[in-house]
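Biologist: I would like a close look at one part of this model, a helix and what lies around it. Please give the cut-offs behind each term as you go.

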Amino acid sequence: MHRLVILGSLGELVQLIQMAKSRGIYTIVCDGYPNSKGKSYADKAYDIAVGNIDAIAAMCIKEKADGIITSFSDYMFECMVKIAKKANLKCYFDTEHLPLYRDKTKMKNMLCQLGISTPAHRCVEKNFSDSELEGIQFPVVVKPIDKYGSRGVEVLNSIQEIRQRFDHTCATSDIKKILVEEYHDGFEFNMMTWVLHGKVQVISIADREKTDVGQRQIPVSSRNVYPSKRIDSVIDDATSILQKVADYTGQQEGPLSMQFFWKPETGVSVCEVAGRFFGYEHELVDYCGGLCMEKLLLDYVYDEKAVEETFSDYSPYFSKISAVLYFHGKPGMTVVNQQVAQELSKIPGVAETWLFYKSGEEIILHGSNPYVARYYITGNSREEIDKLTEYFFRHMTITDADGNDVLYKNRIGS
């Protein structure tokens, strides 16, 4: 019996755990969440924080694991690569090139070296001089160098604001530098691919739509639609870009994703690349009639021939349309009444609903709950999906004890 370590046990990994078990694989789940959903499905579970590389590597050796896998998180991808090396387990990426995907400065330098368009940027320390940002056009987006999940990310409009918000930007970072990059107002996309024998295979390209939520805050992701209605305009250039990245990093196998912008007059501009799939979105490819990401990950570990067969006649032009609707909450407000949210989950076309907070819980920015609510919707046309989205955005509400809406109001993208 194969013995597989799955790094992570939150909700987005449950299907991976279940599928591994259905194949007769002994599943060993590990992370720092003692009562997480995934651990109730696994054959064995360890409460070890994923960043404790040495301890998890020792556990892998003790358990005689013959495989390790994760996805959906930049941090877990990084930890998996390091654990695999220490435990001598198969992994599609190496520790030497890991900073190219995990350090935003090194990633930007790589893109520039390859001649790939990316928003103009600078990396600065706290006591930077005005001249270091010469030529940068405002507004800008500021980011910590080594974090993910929009932690510390803000939109700022002056050098003075950057100085004022510097400590906030890198508060959770181990690197006391920040990335300052020009804000790009083009259409935004999520792209997921698989590198097979060194060649990039496109899995999906989605429209990533956003909603403004207030001063300094970056617009939040409110709807992602698969496949993109502009796929024909971007697929060739975007694929060529990711092929350059894979060639540069030496990645021969495994997931490779990208967030990028596009304008008709300027073409593709890359935001960032990652060695994993997008969490809370990979399911949409399956809904569209594409492939199952969990199957692909397991096949990579134990059945490489099946991976080849998957892409022998695969197309990212799907037979159906699907979308994820994200509803973000206002930090500090308390969730009380979710009746409308629950009723909306029963509408035809809703494939799955997640309400992340219980009544009485306070909304925490960057806490364990990434959103207040999330819906997967499916349809046979983009028009059908747009109509259902507009209905949700008009009617969706979750309130506090005084009847105030705790959600930011979403809008549909252009």
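Modeller: What follows starts with helix H7 and then moves to the helices, cores and loops elsewhere in the chain. This is a predicted model, in which local features need pLDDT of at least 70 and side-chain atom pairs count only at pLDDT 80 or more, while totals for chains, interfaces and linings use all residues. Residues are numbered from 1 along each chain as its sequence is written, and side-chain values use heavy atoms, with hydrogens and water left out.

Helices (H or I, at least four residues) and strands (E, at least two) are DSSP runs, numbered from the N terminus. The expected span of a helix is 1.5 Å times one less than its number of residues. Helix H7 covers residues 231–249, and its 19 residues should therefore span 27 Å at 1.5 Å a residue; the end C-alpha atoms are 26 Å apart, which agrees. Buried here means under 20% relative accessible area, exposed means over 50%, and partly exposed is in between (1.4 Å probe, protein chains only). The buried residues of H7 are Ile231, Val234, Ile235, Ala238, Ile241, Leu242, Gln243, Val245, Ala246 and Thr249. Among the elements that cover them are helix H4 (99–102), helix H5 (104–113), strand S9 (187–196), strand S10 (199–211), strand S12 (254–263) and strand S13 (267–274); contact means heavy atoms within 4.5 Å.

Both ends of H7 have a backbone feature to report. Before the helix, Pro227 sits in the loop between strand S11 (220–226) and H7, and a cis peptide bond with omega of about -10° joins Tyr226 to Pro227. Just after H7, Gly250 takes a positive phi of about 80°. Most residues other than glycine have a negative phi, and most peptide bonds are trans.

S12 and S13, two of the strands that cover H7, are joined by a loop that holds Pro264. With 59% relative accessibility, Pro264 counts as exposed. In the loop between S13 and helix H8 (282–287) lies Tyr280, which has a positive phi of about 65° although it is not a glycine. Tyr280 is buried, at a relative accessible area of 12%.

H4 and S13 also help to cover the buried residues of H3, along with strand S1 (3–7), H2 and strand S4 (67–69). H3 is mostly covered, with 10 of its 14 residues buried. Its span from first C-alpha to last is 20 Å, close to the 20 Å expected at 1.5 Å a residue. The loop between H3 and H4 contains Asn88, another residue that has a positive phi, of about 60°, although it is not a glycine. Asn88 counts as exposed, at 72% relative accessibility.

Two packed helices are described by the angle between their axes and the distance between the axes. Axes are lines fitted to C-alpha atoms, for helices over the stretch in contact, and angles run from 0 to 180 degrees between N-to-C directions. The axes of helix H2 (residues 53–62) and helix H3 (residues 74–87) come within 9 Å and cross at roughly 50°. That makes H2 oblique to H3; angles under 35 degrees count as roughly parallel, over 145 as roughly antiparallel, 65 to 115 as roughly perpendicular and the rest as oblique. The contact is made by Ile53, Asp54, Ile56, Ala57, Cys60 and Ile61 of H2 and Cys79, Lys82, Ile83, Lys86 and Ala87 of H3.

A nonpolar core is a set of buried Ala, Val, Leu, Ile, Met, Phe, Trp, Tyr and Cys residues joined through side-chain atoms within 4.5 Å. The largest nonpolar core has 117 residues, of which Trp194, Ile203, Tyr375 and Phe392 touch the most other members. Apart from it lies another core, of 12 residues, including Ile136, Val140, Phe166 and Cys170. Not counting residues up to four places away in sequence, Ile203 touches a set of residues including Met192, Trp194, Phe277, Leu291 and Phe318.

One further cis peptide bond joins Phe138 and Pro139, with omega of about 5°. Pro139 is placed in the loop between strand S5 (121–125) and strand S6 (140–144).
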